Amino acid sequence: MRAYRMLQWEQPPEIVDVAIPTPGPGEVVVKVAGNGLCHSDLIMTSMPQSIGDAIGWHMPFTLGHETGGWVHAVGPGVSSFQPGDPVVCVSPTSCGACEECVRGFDNCCEYGITGRGYGRDGGLAEYLLVRHTRELVLLQQLDPTIAGVLTDAGATSYHAVKRVLPKLVPGSTAVVIGAGGLGSFAVQFLRVLSSARVVVVDNNDARRAYALELGAHEVIHGVDEHTARNLRSVIGGRGAHAVLDFVGIDSTIAAGIGATRPTGAYGLVGAGGGTLKSDWTNHLPKGGEVFTFQGPTIADTREVVALAEAGLIRVDVDRFGLDDIADAYEALHCGTLRGRAVIVM
Ligand SMILES: [Zn+2]
Ligand SMILES: [Zn+2]
């Protein structure tokens with residue numbers, strides 16, 4: 001089968017031929033319909049070996065952690081899925097047995113530092129091995145070609161929104177910084193799950209227009225040194241009840257913290273590599289929360305699929321073939337996509 005693989009550290013991935021995996025006991029092989037592309041794929045392709053070694057990754061491996069498809073083959077002992085079942089794969093991997101997993105925080109599982117598409121073979125291939133059926137979600141009406149994007153872009157932004165929902169009482173304001181693949185889902189979740197006024201900050205004209213189409217109440221241009229002041233004037237009062245930062249660079253972190261009202265929450269989601277520089281006595285939201293996390297839980301993924309199955313959120317994608325994957329990443333990098341880029345296998 002064809003697979004888009006990292007062959008060496010800090011080298012561009014390549015499309016190569018590899019063997020189709022066979023499922024062992026408890027395992028499932030999925031025939032991939034579509035796989036979404038993520039900014040973190042680009043981070044991985046430039047990761048130095050020193051970091052890879054430190055987290056236990058080995059070359060080569062296949063990229064892709066937003067996968068939908070159909071069950072192709074099941075290993076001994078698997079009775080809950082049949083060949084032909086349409087599924088998506090939960091984006092993070094987890095052991096199911098450690099303290100974090102048992103408490104429902106499976107996105108914090110130690111085993112998950114090496115997952116499908118990050119350190120281990122992922123879904124940018126014709127077939128994908130899934131090691132635990134707990135990491136599969138059965139689809140009803142959704143098209144598995146595009147539903148994979150729900151497992152990362154969808155479910156990661158959902159995790160952030162769910163976490164701040166208790167703050168978003170009637171009359172509250174939520175800010176979304178960055179209306180890209182994740183932020184545009186966050187706008188939808190905020191509108192479906194809360195009555196908060198939703199304010200979006202993005203530099204890209206098309207992304208701001210798209211955010212309005214998805215239900216944002218107000219959009220602000222600019223992620224720069226004026227963002228905090230602009231946000232304050234739009235939001236009014238003492239700031240927003242929740243700010244979700246899907247960019248995560250120095251300026252958005254500073255603006256986001258600066259726009260969070262006392263008792264509010266600032267969530268850092270975007271892997272922009274920024275640093276939180278804040279004097280807690282003056283700048284952090286009094287009585288509030290500053291949090292970060294990586295990836296969604298299995299429960300988040302199931303709930304997002306349920307919202308999409310119910311027709312309550314849109315899944316907009318730009319489709320590319322595997323041979324055009326370099327163009328797709330370029331469009332992702334340049335911000336010219338409308339929806340999430342999906343490689344249709
Ligand atoms: Zn991702
Ligand atoms: Zn675990």
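This text walks through a predicted model of a protein chain with two zinc ions, from its overall form to its local details.

The protein chain has 345 residues, and 53% of them count as buried. Its secondary structure comes to 11 helices and 18 strands. The radius of gyration is 20 Å, close to the 20 Å that the globule rule gives for 345 residues, so the chain is as compact as a globular protein of that length. Taken along the principal axes, the C-alpha atoms fill a box of roughly 60 × 40 × 40 Å. Contacts often link distant parts of the sequence: among those between residues at least 6 apart, 70% join residues at least 24 apart. The surface that the protein chain exposes is about 14500 Å², and carbon and sulfur atoms supply 53% of it.

The N-terminal part can be followed strand by strand. Three strands form an open antiparallel sheet in the order 2-1-4. Strand 2 (14-17) and strand 4 (61-62) stand at the edges with a single partner strand each, so one side of each has no neighbour in the sheet. Strand 1, which covers residues 2-6, pairs with strand 4 in the antiparallel sense over two bridges. In this pairing arginine 5 stands opposite threonine 62 of strand 4. The loop between strand 1 and strand 2 contains glutamate 10. This glutamate 10 has a positive phi of about 60° although it is not a glycine. Another backbone feature involves proline 60, which is placed in the loop between helix 2 (49-55) and strand 4. A cis peptide bond, with omega about -10°, joins methionine 59 to proline 60.

The zinc ion (ligand 1) comes next. Its donors are Cys38 (SG), His65 (NE2) and Asp152 (OD), at 1.9 to 2.2 Å. Along the sequence these donor residues follow the spacing C-x26-H-x86-D. Cysteine 38 lies in the loop between strand 3 (28-36) and helix 1 (39-45), and histidine 65 lies in the loop between strand 4 and strand 5 (67-74), so the pair ties together parts that are 27 residues apart in sequence. Cysteine 38 and histidine 65 are both buried.

Strands 3 and 5, named in placing those two donors, also pair with one another. Their pairing is antiparallel and runs over seven bridges, with asparagine 35 opposite threonine 67 in strand 5. Strand 5 also pairs with strand 6 (residues 86-89), in the antiparallel sense over three bridges. Here glycine 69 stands opposite valine 87 of strand 6.

The zinc ion (ligand 2) has a set of four cysteine donors. Cys95 (SG), Cys98 (SG), Cys101 (SG) and Cys109 (SG) coordinate this ion at 2.3 to 2.4 Å. Their spacing in sequence is C-x2-C-x2-C-x7-C. The angles among the four donor atoms are 105 to 115°, and the site of this ion is tetrahedral. For comparison, the ideal angle for four tetrahedral donors is 109.5 degrees. The donor residues can be placed by their accessibility as well. Cysteine 95 has a relative accessible area of 30% and is partly exposed. Cysteine 101, at 8% relative accessibility, counts as buried because the limit for that class is under 20%.

Further along the chain, helix 5 (153-164) and strand 11 (173-177) are joined by a loop that holds lysine 167. Beyond its sequence neighbours, lysine 167 touches Ser172, His241, Thr263, Gly264, Ala265 and Glu289. The C-alpha atoms of lysine 167 and glycine 288 are separated by 9.9 Å, although these residues are 121 residues apart along the chain. One of the residues that lysine 167 touches, Thr263, is found in strand 15 (residues 260-268). Threonine 263 has a positive phi of about 70° although it is not a glycine, and it counts as partly exposed at 48% relative accessibility.

Strand 11, which follows the loop of lysine 167, has five of its five residues buried, so it is largely enclosed by the rest of the structure. Both of its faces are covered: Thr173, Val175 and Ile177 are buried on one side, and Ala174 and Val176 on the other. Strand 11 pairs with strand 12 (residues 197-202) in the parallel sense over five bridges. Within this pairing, isoleucine 177 stands opposite valine 201 in strand 12.

Methods
Residues are numbered from 1 along each chain as its sequence is written. Chains are lettered from A and ligands numbered from 1 in the order in which they are written. This is a predicted model: local features need pLDDT of at least 70, side-chain atom pairs count only at pLDDT 80 or more; totals for chains, interfaces and linings use all residues. Side-chain values use heavy atoms; hydrogens and water are left out. Donors are N, O and S atoms within 2.8 Å of the metal (3.2 Å for Na, K and Ca); water is not among the atoms, so sites may look incomplete. Four donors count as tetrahedral if all angles lie between 85 and 135 degrees; four count as square planar and six as octahedral if opposite donors are over 155 degrees apart and all others between 65 and 115; anything else is irregular. Buried means under 20% relative accessible area, exposed over 50%, partly exposed in between (1.4 Å probe, protein chains only). Helices (H or I, at least four residues) and strands (E, at least two) are DSSP runs, numbered from the N terminus. The radius of gyration is taken over C-alpha atoms; the globule rule is 2.2 Å times the number of residues to the power 0.38. Contact means heavy atoms within 4.5 Å. Accessible areas come from the Shrake-Rupley method with a 1.4 Å probe; for residues, only the protein chains shown count as cover. Two strands pair if DSSP finds at least two bridges between them. Lists of a residue's contacts leave out its neighbours within four places in sequence.
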